[in-house]
Each structure stands twice: as structure tokens, then as C-alpha cells.
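Subject: Structure for your review

Dear colleague,

Please find below the structure that I am handing over to you. A summary of what was found in it follows.

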Amino acid sequence: MVVNVELQNFIRVWFAAIGALCYCYYCVTRIPSGILRLLFVLPVVYFFLILPLDLTSLHLGAPTIFYLVWLSNFKILLFCFDRGPLSSYSSLPLLHFLSIALLPVKPKFVIRDGFKISTQSVQSTERVPVEFVLAITVVPVRALLGLEIEPQFNEPYLATSLQDFWGRRWNLMVPGILRPAVYFPVRAILTSSLGKELASLPAIFTTFLVSGLMHELIYYYLSRVRPTWEVTWFFVLHGICVCIEVTVKKFFHGGWQMNRVVSGVLTLAFVAWTGDWLFFPQIIRNGLDQKAINECYVMVDLVKDRLLPVLGI
């Protein structure tokens with residue numbers, strides 16, 4: 001019975017999200033971009049923030065939270081100012097608009113200044129299990145609508161620096177949406193007073209801070225426990241370290257480089273050590289790992305009790 005209720009809530013949440021984005025497609029697109037459009041979109045942002053509260057399972061709740069609360073909200077906020085993957089909304093059919101807004105997919109082409117421009121210049125060189133799980137949710141969209149799955153990982157174990165790890169190799173959907181939503185605006189605002197090079201440092205730090213706060217929010221949805229801010233400090237620490245790394249590289253002007261093997265080992269060791277210190281304790285302390293395992297057992301039992309008899313196995 002609990003499983004049936006969770007599935008019903010899951011379906012209701014996603015139909016509600018689709019309805020909200022239909023409002024954006026048919027109504028909000030008629031409003032000039034800028035602050036006025038933002039005012040009409042803010043209720044949708046709030047709606048997406050409260051929708052996942054009806055879900056309690058990790059396997060249904062986690063991707064829903066990530067897609068709606070983070071990716072979709074950031075995409076429609078960018079859409080308010082004709083930025084991001086929805087900026088070419090005038091050339092997108094409704095199904096394409098909904099898919100791009102709700103899922104980690106992107107159009108093969110966008111229309112800019114009357115020209116069709118390919119978006120496939122960046123692709124992941126390796127598929128890992130996490131990407132496979134995410135891809136399952138959008139394979140039908142790719143097959144039916146011709147949309148590309150956004151790359152997730154690019155051999156992160158080969159990272160030679162924190163900048164390389166976070167910017168070009170790990171969970172590429174996140175930097176892909178944080179750059180236009182946080183990094184570029186902050187850098188643009190500060191460039192006039194600090195100059196472009198210096199402005200990039202607070203922009204990097206702010207990007208990591210926002211990422212930390214979004215992870216903290218996701219942890220809250222999954223555990224419903226008061227935040228302890230450990231995961232936020234994890235990203236703040238990494239933001240500071242990336243800023244130091246960028247500054248050192250600029251100081252030496254690329255004239256000195258650490259051996260790639262040594263820098264790679266140090267990078268992965270630092271990520272692992274800080275992750276064990278700040279990223280994972282909230283997960284383990286709140287029993288989310290055990291909850292995920294228990295849900296897997298429930299799914300296996302459902303398959304054995306309901307699906308296999310139907311198939312005659």
C-alpha cells in the first residue's frame with residue numbers, strides 16, 4: 001500500500017510539473033524577457049520547491065528533487081532573461097520545451113540570429129554507472145524527439161587538478177547549469193570594479209557556495225532533518241582551493257607544472273579525504289545509505305511477487 005501511494009504521488013508530482021511548464025510555454029513566453037517575466041516565473045520556482053516534499057523514497061525522490069528543484073528551476077530562471085537551454089523557446093515545440101526543462105537533455109540544434117547551431121560539440125568520452133541510471137529516464141525522449149542526453153562524467157579518475165575535476169570531469173550537468181546561472185552573472189557584475197581576471201575568483205567561490213547550498217537542500221528533502229551545513233562547507237572548502245589553484249596557475253603563467261601523475265593522485269586523495277570528512281557523514285548519520293538498500297530489497301520483492309508471475313516465470 002505504501003508503495004502504491006508513493007507511485008501515485010510521484011505521478012501527481014510530475015504531471016503538476018508538466019502543467020506548470022505548459023503555463024511557462026503558453027503564457028510566460030508572451031511576456032518580454034527580464035524582471036517582468038521573472039515575476040511571472042517565481043511562482044513556478046516556488047511550486048517546484050514544494051512539489052518533492054510529497055515524495056519519501058530515495059529512488060523516486062532523489063532524481064525528482066535534482067531535476068525539479070535544481071536543474072528545472074535554474075533553467076527557467078535563465079529562461080526569464082533569454083539565457084540557457086530554453087533561450088530558443090520560440091523555435092521549440094511544446095514536447096521539446098518540456099523535455100529540455102525537466103530532464104538532463106539538450107537540443108541537437110538551437111536557433112540563434114536565424115542560424116541553426118549545433119549543440120553537440122561537447123560529449124562525454126566515457127559512460128559510467130551513474131550516467132547510465134540518469135540516461136534511463138531520458139532514453140525515450142532521445143528516441144522520440146531527437147534530443148541529446150547531457151554528458152555526465154568524463155573520466156574523473158584522470159583529473160589532474162580540482163579545477164579539472166569539477167569543471168571538466170565530474171557531474172557535468174551541474175557546472176553546465178551553474179556557469180550561466182551563477183558564474184557568468186557574478187563575474188559580469190564584478191568585472192567593472194575588479195577587472196575580468198580578479199572577478200573570476202569571487203565568481204568561482206560563489207558558484208561553489210551555491211552548489212553547496214543546493215546539495216544541502218537536496219539532503220534536507222531526502223532526510224527531512226535540520227541541516228548541519230557539512231556538505232555546504234565541503235563545497236566552500238573546494239571553492240577556496242580552486243580559487244587558490246587558479247591564482248597560482250596565473251602567477252606562474254603556465255611556466256611550471258606538477259607531474260600529471262602526482263597532481264592526479266593528490267587531487268583524488270583530497271577529494272576522497274574531504275568527502276569522507278564533510279560530504280558523506282550526513283548521508284550515513286541519517287541512514288540514507290541503509291534506506292536505499294532497503295528500497296532495493298522492496299523493489300526485488302515486488303518484481304518477484306508481481307512481475308514474474310505475470311510473465312509466467
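I begin with a pair of charged residues. In this predicted model, a salt bridge joins the side chains of Asp164 and Arg168, with an N to O distance of 3.2 Å. Both residues belong to helix 7 (residues 162–169), where they lie four residues apart and are therefore separated by about one helical turn. An α-helix has 3.6 residues a turn, so residues three or four places apart point the same way. The two partners differ in their surroundings: Asp164 is buried, at a relative accessible area of 6%, whereas Arg168 has 46% relative accessibility and counts as partly exposed.

A second salt bridge is formed by the side chains of Arg285 and Glu230, at 2.5 Å from N to O. This pair connects distant parts of the chain, since Arg285 sits in helix 12 (residues 281–285) and Glu230 in helix 10 (residues 230–252), 55 residues apart. Arg285 is partly exposed, with 47% relative accessibility. Glu230 has a relative accessible area of 18%, and it is classed as buried because the limit for that class is under 20%.

To return to the earlier pair, Asp164 and Arg168 are joined with Arg169 into one network by salt bridges that share partners.

How many salt bridges does a search of the whole structure find? The search gives six. Another of these is the contact between the side chains of Asp82 and Arg37, with 3.1 Å from N to O. Here too, distant parts of the chain are linked: Asp82 lies in the loop between helix 3 (58–79) and helix 4 (94–102), while Arg37 lies in helix 2 (residues 35–50), and the two are 45 residues apart. Is Arg37 buried or exposed? Arg37 is buried, with a relative accessible area of 1%. Its partner Asp82 counts as partly exposed, at 29% relative accessibility. As general background, side chains of opposite charge can pair when their charged atoms come close.

Finally, I would draw your attention to helix 9. Helix 9 covers residues 196–223, which amounts to 28 residues. From its first C-alpha to its last, helix 9 reaches 40 Å, close to the 40 Å expected at 1.5 Å a residue. The residue that follows helix 9 is Arg224, and its phi is positive, near 55°.

With kind regards

Key:
Residues numbered from 1 in each chain as written. Predicted model: local features only at pLDDT ≥ 70, side-chain atom pairs only at ≥ 80, totals over all residues. Heavy atoms only, no water. Salt bridge = Lys/Arg side-chain N within 4 Å of Asp/Glu carboxyl O. Buried < 20%, exposed > 50% of the residue type's maximum accessible area, 1.4 Å probe, protein only. Expected span 1.5 Å × (residues − 1).
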